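Reader: Hello! I am new to this structure and would like a close look at a single part of it. Could you take me through the second domain, step by step?

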Amino acid sequence: MEERTIYDVIIIGSGPGGMTAALYASRANLKTLILEKGVPGGELLNTSDVENYPGFSNISGPDLADNMYKGAMQFGAEYAYGNVSGIEVDGDLRIVHAGKKSYAAYAVVIATGSYHRKLGVPGEEEYAGRGVSYCAVCDGAFFKGSDLLVIGGGDSAVEEGTYLTQFANKVTIVHRRDALRAQKILQDRAFANEKMDFLWNKAVEEISGDEQKVTHVTLRDTQTQELSQVEAAGV
């Protein structure tokens, strides 16, 4: 029977957080394994350009992810593909189950990151990173002088929409109801901003483009079900 390798630490996830944990753990001479169900990099892989990371004036998300991966591996960390389905305790060990394999370690770091709340409409995945964005601070500067749509009516939507007015020609909040849910102070700032507009009782049906970037969005009126199109460079 093959003897099981016991790691000091297993890190679940290989986004920036997971790779940083692997770098520190392996540099401390801990036997380290990264388990990842996809490609190393996490949300960086969906970012076309990164201009706000120390040490780089501009670098693509995938290139930065590759640099992080190389850094995480330089002190002997190991990497394995696996979709983790469970963790159980066996004395001092933690047994991590991933697919048909199991791995043992004295400690487990869960660095699975977060997932953006997506619309689930046609065109969203196709134009991710090419007009579809989930982070105004990350990507706002790429939309200078453009007309943008922000979907939602809560704090996040209103805050990010207001932030985007620093760069955009116009920012339109698209909300499926007839009133915002954001805090009143955020609403007041948004309503007072000359660059902001609002489309009420509208839901996104489809995001369309020219195969290179987003050009327009199809909206459905939540009361009449009527469809309309709005030109936009980003969503």
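Author: Happy to. Domain bounds here come from an automatic or database domain assignment. Keep in mind too that this is a predicted model. That assignment gives the chain domain 1, covering 6-110, and domain 2, covering 136-231. Between the C-alpha centres of domain 1 and domain 2 there is a distance of 35 Å.

Let us start in domain 2 with a pair of helices. Helix H4 spans residues 155-164 and helix H5 spans residues 184-192; their axes come within 10 Å and cross at roughly 35°. The crossing of H4 past H5 is left-handed. On the H4 side, the contact is made by Asp155, Val158, Glu159 and Thr162, while H5 brings Leu186, Gln187 and Ala190. Sorted by character, the residues of this contact comprise three nonpolar, two polar and two charged.

Next comes the sheet. Three strands form an open sheet in the order E10-E11-E12, and their pairing is antiparallel. Strand E10 (202-209) and strand E12 (227-231) are at the edges with a single partner strand each, so one side of each has no neighbour in the sheet. From one strand to the next, the twist averages 30°. As background, strands of a sheet pair through backbone hydrogen bonds, in either a parallel or an antiparallel way. Strand E11 (residues 214-221) and E12 run antiparallel and are joined by five bridges. If you would like one pair to find in the picture, try Leu219, whose bridge partner in E12 is Ser228.

Now look at the loop between E10 and E11, where Glu211 is found. Glu211 has a phi near 80°, a positive value in a residue other than glycine. Exposed means over 50% relative accessible area, and Glu211, at 60%, is therefore exposed.

For a companion to that loop, turn to Asn29, in the loop between helix H1 (16-27) and E2. Asn29 also has a positive phi in a residue other than glycine, near 65°. With 71% relative accessibility, Asn29 counts as exposed.

Strand E2 (residues 32-36) holds Leu35, and here the setting is a buried one: Leu35 has 1% relative accessibility. Leaving aside neighbours within four places in sequence, Leu35 is in contact with several residues, including Ile10, Ile12, Val84, Val96 and Tyr103. Of these, Val96 is 61 residues away from Leu35 along the chain, with 9.5 Å between their C-alpha atoms.

How values were computed
Residues numbered from 1 in each chain as written. Predicted model: local features only at pLDDT ≥ 70, side-chain atom pairs only at ≥ 80, totals over all residues. Heavy atoms only, no water. Axes fitted to C-alpha atoms, helices over the stretch in contact; angles between N-to-C directions. Helix = DSSP H or I, 4+ residues; strand = E, 2+ residues; numbered from the N terminus. Left-handed = near helix turned anticlockwise from the far one by under 90°. Contact = heavy atoms within 4.5 Å. Nonpolar A, V, L, I, M, F, W, Y, C, P; charged D, E, K, R; others polar. Pairing = 2+ DSSP bridges. Buried < 20%, exposed > 50% of the residue type's maximum accessible area, 1.4 Å probe, protein only.
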